Amino acid sequence: MAQDTPEREWWKEAVVYQIYPRSFNDADGDGVGDIPGVIEKVEYLDELGVDVVWLCPVYDSPNADNGYDIRDYRAIMDEMGTMDDWERLLEEVHSRDMRLIMDMVLNHTSDEHEWFLKSKERDSEYSDYYYWRDGEHGGNPNNWTSIFGGDAWKYDEVREQYYLHIFDEKQPDLNWRNEDVRQDVYEMLDWWLRKGIDGFRLDVINLISKTEGLPDGEPNPGWTGWEHVINGPRVHEYIREMYDEVLSNYDIMTVAEMPGCGVADAQQYCGEDGDGLNMIVHFEHADIPYAPGGKWDLDDVDIHPADLPEVAEPDDHFNHWDLNELRDVLTRWQVGLEGEGWNANYLGNHDHPRTVSRFGDDGEYREKSAKMLATLQFTLKGTPFIYQGEEIGMTNVEWNDFDELRDVEAIQQSEELMERHGVNFEAIRHVVKHRSRDNARTPMQWSDADNAGFTDGDPWIKVNPNHESINVAEAREAEDSIWAYYQDLIDLREAEDTLVYGEYHLLYEDHPDIYAYVRADDDDRILVVLNCFGADMTFHLPDHLDGSDAELLLTNNEDPDSVSTDLDELDLPPYEARVYRL
Ligand code: GLC
């Protein structure tokens with residue numbers, strides 16, 4: 001198991017906390033979270049022990065997609081506060097030895113961005129900043145659809161042409177083939193970096209190069225045209241150029257969000273001789289257990305939305321996932337990036353349902369399974385990402401009425417589902433409960449007070465009623481809370497270099513319930529054993545490993561002192577997590 005000493009980097013050792021500011025903390029009582037609200041909680045983040053704060057978009061935006069539609073890259077959205085507030089946040093974060101990375105959306109802008117307004121007027125400088133095309137046979141220029149549902153083209157009356165929008169119609173795609181676009185983007189990135197930020201999370205950055213000629217795509221129930229959009233022909237050239245011209249001049253962290261990115265692509269994007277990015281947020285595990293057409297493609301989940309009310313246990317149905325599938329994906333990435341890149345370890349974020357509802361048991365074993373999943377995230381090789389609320393085990397929520405939905409994707413996809421199957425919202429409610437991004441966007445549950453202590457006003461999105469029992473105040477009082485366990489995990493990872501830099505070696509390749517692996521370097525071996533489901537299991541240490549001096553480092557067992565170190569035969573209660581030094 002010997003290996004070369006890996007190159008040490010601060011961003012490999014860091015623990016990241018992702019903030020979706022709209023739903024984090026509202027300081028001015030307008031029902032929308034804001035930057036002063038984040039400032040009030042910096043101390044909280046410091047106490048939890050995180051090193052890096054990733055702030056989802058706070059730029060000026062008409063909010064068609066909650067800030068992922070930027071109107072002005074150099075201004076702060078009114079609802080979020082002012083640039084002075086933002087400067088104060090940066091100071092507060094830095095004064096506690098933490099770092100701040102900004103979410104940056106470069107595949108598209110808002111249709112209210114100055115570039116787009118000028119482009120549609122055919123202003124000579126900006127005319128070619130977006131993908132404008134004439135219609136074909138009186139219809140769209142090609143058959144591509146939008147990730148959010150519907151067509152990917154919108155006709156503009158002013159310019160009398162169609163423009164491409166892979167996301168919402170208010171998010172036109174930038175034409176990266178145009179060198180002026182790229183130079184404007186790089187200048188803007190440099191402007192932010194000069195303010196002293198510590199890096200970027202780059203939104204859907206592998207979508208910036210489209211196949212020349214924009215040909216029709218293979219019809220796909222989820223997203224037609226994807227093969228002409230993701231990992232396109234010039235994407236490496238653009239990213240490398242962005243790195244050479246801007247990113248390489250700073251000691252920063254770059255986290256690239258890349259749907260449809262596989263391990264081989266990742267080696268190129270972030271490997272040693274690659275494009276210069278640090279790590280990839282890929283979707284291969286996040287898309288389990290979805291059908292090939294994505295999370296809104298229900299065709300191969302046995303049940304038809306119209307039948308849902310008759311399904312006895314829709315929760316079980318939707319939450320069902322296969323450990324072999326998850327382990328295969330994670331192992332492929334762990335092994336594939338060994339010495340060739342770095343992993344970003346996440347299970348949930350603002351685009352997915354809540355982690356504990358999806359991969360754990362948000363009923364009887366909510367606390368236990370949330371801790372088990374956190375153990376996985378913190379002991380795999382890579383940088384762990386905590387999404388706000390995960391540290392207290394926040395869950396999905398019941399969506400009782402279509403009008404409760406806020407997310408552009410949930411709204412459009414629900415409308416399409418209802419129309420396609422001729423049903424009302426009641427019939428697809430369960431789909432929304434398990435698939436909607438709104439699940440992750442309900443307000444952070446600070447206390448059992450009204451609106452979970454998130455706002456004194458009217459919250460912009462429904463608050464999960466379970467805040468009465470699931471909240472930060474409560475979690476911080478209980479010694480054995482999920483919150484306290486996260487602190488322990490953070491401390492453990494900080495203390496054990498092997499958990500940061502050691503190689504990953506899988507044990508038990510196909511056990512249906514137990515996920516076990518060793519993290520190893522020249523000096524140390526750390527064993528991780530996870531019982532991923534709700535039945536009792538027994539683990540046996542494989543013969544090639546010596547467990548005679550095993551020392552327990554961490555467990556989510558309710559009675560840690562009673563936990564055995566006999567690794568030849570280890571009883572594992574439901575959702576048990578154990579970390580041992582061998
Ligand atoms: C990314 C963001 C998501 C957004 C989309 C379009 O996937 O994480 O929230 O809707 O890009 O910008």
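This is a short talk on a ligand site and a sheet in one protein structure. Keep in mind that the model is predicted.

Let's start with the ligand. Which residues come nearest? Of the 14 residues around the ligand, the nearest are Asp65, Asp203, Glu257, His350 and Asp351. Now the shell by class. Seven of its residues are charged, three are polar and four are nonpolar.

Next, polar contacts. Take Asp65. A side-chain N or O atom of Asp65 sits 2.4 Å from a ligand oxygen. His350 also places a polar side-chain atom by a ligand oxygen, at 2.8 Å. For Arg437, the distance from a polar side-chain atom to an oxygen of the ligand is 3.0 Å. How much of the ligand does the protein bury? On its own, the ligand exposes 310 Å², and the protein buries 97% of that.

Now the sheet. It is open, with five strands in the order 14-15-16-20-18. The pairing is antiparallel. Which strands are at the edges? Strand 14, residues 503-507, and strand 18, residues 551-555, each pair on one side only. On average, neighbouring strands are turned by 25° against each other, direction ignored.

Look inside the sheet. Strand 16, residues 525-531, and strand 20, residues 577-581, are joined by five bridges. In one bridge, Val529 partners Arg578 of strand 20.

Two helices to finish. Helix 10, residues 323-336, packs on the sheet and touches strands 14 and 15. Its direction makes about 15° with that of strand 15. Helix 16, residues 482-495, also packs on the sheet, touching strands 18 and 20. The direction of helix 16 makes about 135° with that of strand 18.

Notes
Residues numbered from 1 in each chain as written. Predicted model: local features only at pLDDT ≥ 70, side-chain atom pairs only at ≥ 80, totals over all residues. Heavy atoms only, no water. Near = heavy atom within 4 Å. Polar contact = N/O pair within 3.5 Å; in protein donor to acceptor, adjacent residues only side chain to side chain. Areas by Shrake-Rupley, 256 points an atom, 1.4 Å probe, with all protein chains shown as cover. Nonpolar A, V, L, I, M, F, W, Y, C, P; charged D, E, K, R; others polar. Pairing = 2+ DSSP bridges. Helix = DSSP H or I, 4+ residues; strand = E, 2+ residues; numbered from the N terminus. Axes fitted to C-alpha atoms, helices over the stretch in contact; angles between N-to-C directions. Contact = heavy atoms within 4.5 Å.
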